[in-house]
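Thanks for coming, everyone. Let me put the structure up and walk you through it.

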Amino acid sequence: MVGNANSQALPEGIFSILDTDLYKLTMQCAILKYLPDVHVTYAFTNRTPHMPLNRVAFQWLRDQIEKLANVSLTPEELSYLQETCPYFNQTYLRFLTSFRLQPSKQVRATFTPREDNGSQEDVGDVQLDVGGRWLDTILYEIPLLALTSEAYFKFCDRDWTHKDQESRAYDKGCKLLQHGCIFSEFGSRRRRDYRTQDLVIQGLQRAAADGQARGWKGKFGGSSNVHFAMKYGIPPVGTVAHEWFMGIASITNDYEHANETALRYWVGCFGEGVLGIALTDTFGTPTFLKAFKRTMPTPANSVVDDKKTLIPGAASPPLPPMDRESSRGSSEERSYAQIFQGVRQDSGSPLEFVKIMRDFYDSEGIPEKKTIVFSDSLNIELCVEYMHAAEEAGFQPTFGVGTFLTNDFIHEANGQKSVPLNIVFKLSSANGHPAIKISDNIGKNTGDSRTVHKVKETLGYVEKQWANGDETSRWGSADNEATRANVQKQ
């Protein structure tokens, strides 16, 4: 049974430049301001290699990649960004209006069959390599991941339907809202297809309306996908990704100061209190917190600026926008931890992370209630558990729920779980230097292994392995009914 047989009303593939996560656009905005001429490469990894694409799936994927050249910002989308996202400056919006992806020049897609019988059903390993200016290539990640997932479930795992996806999302949304969870939909990159994400957001919207009418404590906060946020009139959600920290570390080749440099230029682009959720784990949370406690250099306290957090060759200095109220002439010395509204947890043990952050804020004498955004492989049970832990520690918890919403299916034939692909598309180099990510769990290390080892030694990184961090079976397996049973009972 073909999973998308009932989806002819919606176009396949990617047809909107905004069908991506908000943080790709915010990072592109910062890159345009500071690093427009940096050249980068990206590499694709299938963390579930036992789930390969077949030849016909790859051919469809390759065709869809070529069609990305036809996607551009529409006048309606420009008006939406102007009205909804005031942090995008006019220089960036003018740039985005004329922006085009050029896959024929920037993307290399290859298929290596594991056993070549000349058949369309031959399975093999897909390699997706992207290269060019960072400014021109940063928007490939989400479309390439979404298209790869769609290709697999269109041609390889076909025993599923969209039946009940809206109602299942509604039920999940209701349970999260009843428990008091504040959550957003983060499922673009590993969605089964466009139609699935569309149905999911319809279900969550219906749950939010019912929850408001019934006085439930929780809140549906929006979507990381800007296209769907625009389509359904919900907030676009997101700030920054690992890529920003990885790129700056690679460009400067200074991992000891990379976190602080990335924070400084982020605030310089958008101002204090804007897009203010910091991602802690790119090179391990302990290393990040050393930077997070440091004072943010400003013109008023430039004595603390020892030049170690300036990027050589950057197009402009990292000075916060002066038209923002929070940035006007303040001489008060404030740390990044004070400036940012909170942090995002994306690897390692969430419960340990809560304790680490509570101890950190207490040691820094920061009494304000901060936010923790949890975003690592969530379901209802985990959201509720982490919510209680974070609230007891004095935090405001919120949740970015992704694959659990947009790729949660069962096989029609036997009722077993139709397991999502676990795929990533990461920055692999910048200006000729390897780009790496360490994270708070060894299973999420990415990039050149020698550089990873060297950076760990430089930073004094203590290796961690989380019990739930097996990336090859993060969302269960076809013969693991415990996963399905756990979802059904929630």
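Here is a starter: is Phe425 buried or exposed? It is buried, with a relative accessible area of 1%. Keep in mind that this is a predicted model.

Phe425 has a ring partner, so let's go there next. That partner is Tyr42, and the ring centres lie 5.4 Å apart. The planes of Tyr42 and Phe425 are at 5°, so this pair is stacked. A pair counts as stacked when the planes are under 30 degrees apart. Tyr42 is buried too, at 2% relative accessibility.

Where do these two sit in the chain? Tyr42 is in strand E1, residues 39–46. Phe425 is in strand E13, residues 423–430. So the pair ties together parts that are 383 residues apart in sequence.

How many aromatic pairs does the structure hold? The count is 25. Take another one, Phe15 with Tyr194. Their ring centres are 5.0 Å apart, and the planes are at 55°, so this pair is tilted. Phe15 lies in the segment before helix H1 (22–34), while Tyr194 is in helix H9, residues 194–214. Those parts are 179 residues apart in sequence, and the pair ties them together. Now look at exposure. Phe15 is partly exposed, with a relative accessible area of 37%. Tyr194 is buried, at 3%.

Rings also gather in a cluster. Ring pairs link Phe245, Phe288, Phe292, Phe340, Phe360, Tyr361 and Phe395. Phe395 has a charged visitor as well: Arg358 lies over its face, at 4.7 Å from the ring centre. There is a similar arrangement to point out at Phe404. The charged end of Lys172 sits over that ring, 4.1 Å from its centre.

On to the strands. Please find strand E9, residues 371–374. Which residues cover its two faces? On one side we have Thr371 and Val373, and on the other Ile372 and Phe374. All of them are buried.

E9 has a strand to pair with in E8, residues 342–345. The two run parallel, joined by 4 bridges. In that pairing, Gln345 has Phe374 as its bridge partner. Between these strands comes helix H15, residues 350–363. E8, H15 and E9 make a right-handed β-α-β unit.

E9 also pairs with strand E10, residues 396–401. Again the strands run parallel, and again 4 bridges join them. Here Val373 has Thr398 as its bridge partner. The helix for this unit is H16, residues 380–392. E9, H16 and E10 make a right-handed β-α-β unit.

Last topic: cysteines. How many disulfides does the structure hold? The answer is 0. Take Cys29, which is in no disulfide. Its nearest cysteine sulfur belongs to Cys269, and that is 4.3 Å away. The cut-off for a disulfide is within 2.5 Å. Cys29 counts as buried, at 2% relative accessibility.

Why does Cys383 have no bond? Its closest cysteine sulfur, in Cys181, is 5.3 Å away, and that is too far. Cys383 is buried as well, at 1% relative accessibility.

That is the tour. Questions, please.

Key:
Residues numbered from 1 in each chain as written. Predicted model: local features only at pLDDT ≥ 70, side-chain atom pairs only at ≥ 80, totals over all residues. Heavy atoms only, no water. Phe/Tyr/Trp six-rings, centres within 6.5 Å; stacked < 30°, edge-to-face > 60°. Buried < 20%, exposed > 50% of the residue type's maximum accessible area, 1.4 Å probe, protein only. Lys NZ or Arg CZ within 6 Å of the ring centre and 35° of its normal. Pairing = 2+ DSSP bridges. Right-handed = clockwise from strand over helix to strand, strands pointing away.
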